[in-house]
Amino acid sequence: MRQRVLTMGFFRLLVATALLILASASANAELLIRITEGADSALPIAVVPFAENGQIPPGDKVSTIVQSDLNMSGEFRTLPPSKMLSLPSKREEVFFRDWKMLGQRYVLVGDLSRSADKVTARYELFDVNREERILGERAAAPATNMRSLAHHISDKVYEAITGVQGAFSTKLAYVTLDSFNGKPRYRLQVSDVDGKRARIRLESEEPILSPAWSPDGRQLAYVSFETGKPVIFLHELSSGKRTKIADFPGLNSAPAWSDDGRSLLMTLSKDGNAEIYRMDLQSRQVTKVTNHWAIDTEASWDHTGKGLFFTSDRSGGPQIYHMDRPGAEPRRITFGSRYNARPRPDNEGKYVYYVHQREGAFHIARTNLNTGEETVLTRTQSDESPSVSPNGRMLIYATKQGNDSVLTVISADGGAAYSLPASEGGVREPAWGPLVK
């Protein structure tokens, strides 16, 4: 009996952070970007408005979207067009002395042309200090898909400067809540990484938690309470097909995909205590990964795809542990407070990020896996649900601003912050999608 009480109590404690603020908010589908804090070390770059030839579709300009993407990364600081001395669109029109005088390290120029239903972008990136071109390409997209064209250019610019693949063409999944006829309405939504082009994938009067992307970006796993208890579903995004895959007695929670997409880690209490299991998605067979009297939950594969991080209260309160392989002896990772939960490792094996409680507030922190050093990255009071970008350079999490719950993107070192609040109300449970070719 004591195990069951602990199981349900600990589960409620972990879920409460995800639902407390969300339950009192109303939400609209689209997110907005709000710059809240910049990084002093950000590289100055001028993204010159692209010249336009032909009937370019109205709406956000390609260069404006690229500016927003680069700013969001926290690694760049763009120059407002109003401060530019000229608006070149090709190499012959770039005068490096002008950009040096404006303190710019890089300058991006280009133009757009339309042929039938296709828009082609020709763009060039220059290193101002070296006075040389470091990127020059053409890219095309349907005239109805200008945002994808802009995100593609952002990815290429980011990679040309940092050497790391950009993540601006990826997707976000998240949960919002509004009220309809006096009843709660939870919505699972998918959007661009900047919150635009949001689409509702599932609506329910019951909570939706823990969305997790498949490695190919085609499916989401999540927890739904639509049957009156937590059940794990798979959701095929292209067709909308939903499959119930874990409906065991007790808890069915915290799904996490393997790198090959063939299995899921999950938390089940079908045998009386919350343990981590691995499910083969073809056979639906489950194998117990942890076996302890404590509560083990919120598992996530490490960068090798062989080991895993998870939350356990085996030391008396929620802490982060790591296994080199399923079934191996766990090693405790966090020691800085009595509450550390929801581990999310980076893609290089250097850091693990998690929710960290200190002096009554919940923050996002990280631990250096080589040194054990812990760093608290956020200064807001109710931070939850961290998700690392697939290139490891950014982090998104849910927090509260005034009466609104919002998503906030920070650089992985915490040096910059950009909020993505919903147009109205609140938004929670972010999951950053994978890099997809």
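## A sheet of E19 to E22

Strand E21 (residues 319–323) and strand E22 are antiparallel partners, joined by 2 bridges. Within this pairing, Tyr-321 sits opposite Arg-332 of E22. This is a predicted model, so please read what follows with that in mind.

If you step back from that pair, you can see the sheet around it. It is an open sheet of 4 strands, ordered E19-E20-E21-E22, and the pairing is antiparallel. Strand E19 (296–301) and strand E22 (331–332) are at the edges; each has a single partner strand, so one side of each has no neighbour in the sheet.

## A second open sheet

Another open sheet of 4 strands is worth a look on your screen. Its order is E10-E9-E8-E31, with antiparallel pairing. Strand E10 (199–204) and strand E31 (427–432) are the edge strands, each pairing on one side only. From one strand to the next, the twist averages 20°.

## Following E8 into E9

Let us walk along part of this sheet. Strand E8 (residues 171–180) pairs with E9 in the antiparallel sense, and 10 bridges hold the register between them. One position to find is Tyr-174, which stands opposite Gln-189 in E9. The two strands are linked as a hairpin with 2 residues between them, and Asn-181 in this hairpin takes a positive phi near 55°.

Is E9 mostly covered or mostly uncovered? Strand E9 is mostly covered, with 8 of its 10 residues buried.

## From E9 on to E10

On the E10 side, strand E9 (residues 183–192) is joined to E10 by 5 bridges, and the two run antiparallel. Two bridge partners are handy landmarks here. Val-190 of the pairing is matched with Arg-199 in E10, while the partner of Tyr-186 is Ser-204, also in E10.

E9 and E10 form a hairpin too, with 6 residues between the strands. In its turn, Gly-195 has a positive phi of about 85°.

## Where H2 meets H4

Now for a pair of helices. Helix H2 (residues 62–73) and helix H4 (residues 146–162) have axes that come within 9 Å and cross at roughly 45°. That angle makes H2 oblique to H4. The crossing of the two helices is right-handed.

Which residues of H2 and H4 meet? From H2 come Val-62, Ile-65, Val-66, Asp-69, Leu-70 and Ser-73. Facing them in H4 are Met-146, Arg-147, Ala-150, His-151, Ile-153, Ser-154, Val-157 and Tyr-158. By residue class, the contact of H2 with H4 divides into 9 nonpolar, 3 polar and 2 charged residues.

## The chain as a whole

To finish, here is the wider setting for these parts. The protein chain has 4 helices and 31 strands. Of its 437 residues, 56% count as buried.

How much of the contact in the protein chain comes from residues 24 or more positions apart? Among contacts with a separation of 6 or more, such residues account for 46%.

How values were computed: Residues are numbered from 1 along each chain as its sequence is written. This is a predicted model: local features need pLDDT of at least 70, side-chain atom pairs count only at pLDDT 80 or more; totals for chains, interfaces and linings use all residues. Side-chain values use heavy atoms; hydrogens and water are left out. Axes are lines fitted to C-alpha atoms, for helices over the stretch in contact, and angles run from 0 to 180 degrees between N-to-C directions. Angles under 35 degrees count as roughly parallel, over 145 as roughly antiparallel, 65 to 115 as roughly perpendicular and the rest as oblique. A crossing is left-handed if the near helix is turned anticlockwise from the far one by less than a right angle, and right-handed if clockwise. Contact means heavy atoms within 4.5 Å. Ala, Val, Leu, Ile, Met, Phe, Trp, Tyr, Cys and Pro count as nonpolar, Asp, Glu, Lys and Arg as charged, and the others, Gly among them, as polar. Two strands pair if DSSP finds at least two bridges between them. Buried means under 20% relative accessible area, exposed over 50%, partly exposed in between (1.4 Å probe, protein chains only).
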